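Reader: I would like a close look at a single part of this model. Please take one helix and its salt bridges, and go residue by residue.

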Amino acid sequence: MTKKQTQAYTEEFRKEAVRRAEQKGNTAASVGRELGISAQQIYNWRRQFNRLSDKQFNSLNGVDYSKKETDEVRKLKRKLHDLEQENAFLKRLLRTLRSTKSKVRAD
């Protein structure tokens, strides 16, 4: 059994198809016929663009939603978590040192 290969379209192509379908006098069906794709595909891209679902489009209103930025955010979250754990450890250590210091004075 062979898998059906799907055509990978560039982000620019998808944006242009959606833009053309939204122009007055054009329909998704007519643009789809011109570009050799189905009207449903244009509707899907429009929905993805409007919702940014599955991050099909990398940027909207100057905000970058690319995978590179996502990886950086994950890396920063991991670093923040590690620093919070280190901070908690140092606070416990400080409390321990203060309590042993006061016990030593009492003796």
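Author: Glu16 has a relative accessibility of 32%, so it counts as partly exposed. This is a predicted model, and the values here are computed from it. Glu16 pairs with Arg19 in a salt bridge, with 2.5 Å between the closest N and O atoms. Arg19 is also partly exposed, at a relative accessible area of 41%. Both residues sit in helix α1, 3 residues apart, and about one helical turn separates them.

Now the helix itself. Helix α1 covers residues 11–22, which makes 12 residues. From its first C-alpha to its last it reaches 17 Å. The span expected at 1.5 Å a residue is 16 Å, and the model comes close to that. The buried residues of α1 are Glu11, Arg14, Ala17, Val18 and Ala21. Looking down the axis of α1, these buried residues fall within an arc of 130°, so they line one face of the helix.

Glu11 deserves a second look. It is on the buried list of α1, and it also takes part in a salt bridge. Its relative accessibility is 14%, and the cut-off for buried is under 20%, so Glu11 counts as buried. The partner is Lys15: the two side chains meet at 3.2 Å, N to O. Lys15 counts as partly exposed, at 31% relative accessibility. So this bridge joins a buried residue to a partly exposed one. Glu11 and Lys15 both belong to helix α1 and are 4 residues apart, about one turn of the helix.

The next bridge leaves the helix. The side chains of Glu22 and Arg46 meet in a salt bridge, 3.4 Å from N to O. Glu22 lies in helix α1 while Arg46 lies in helix α3 (residues 39–51), so the pair ties together parts that are 24 residues apart in sequence. Glu22 is partly exposed, at 48% relative accessibility. Arg46 is partly exposed too, with a relative accessible area of 22%.

For context, a search of the whole structure finds 4 salt bridges. Among them are Glu11 with Lys15, Glu16 with Arg19, and Arg46 with Glu22.

One contrast lies outside this helix. Phe89, Leu90, Leu93 and Leu97 form a nonpolar surface patch, with about 370 Å² of accessible area together. Leu97 has its place in helix α4, which covers residues 67–106.

How values were computed: Residues are numbered from 1 along each chain as its sequence is written. This is a predicted model: local features need pLDDT of at least 70, side-chain atom pairs count only at pLDDT 80 or more; totals for chains, interfaces and linings use all residues. Side-chain values use heavy atoms; hydrogens and water are left out. Patches are made of residues with over 30% relative accessible area and no salt bridge: like charges are joined within 9 Å, nonpolar side chains (Val, Leu, Ile, Met, Phe, Trp, Tyr) within 5 Å. Accessible areas come from the Shrake-Rupley method with a 1.4 Å probe; for residues, only the protein chains shown count as cover. Helices (H or I, at least four residues) and strands (E, at least two) are DSSP runs, numbered from the N terminus. The expected span of a helix is 1.5 Å times one less than its number of residues. Buried means under 20% relative accessible area, exposed over 50%, partly exposed in between (1.4 Å probe, protein chains only). The arc is that of the directions from the helix axis to the C-beta atoms.
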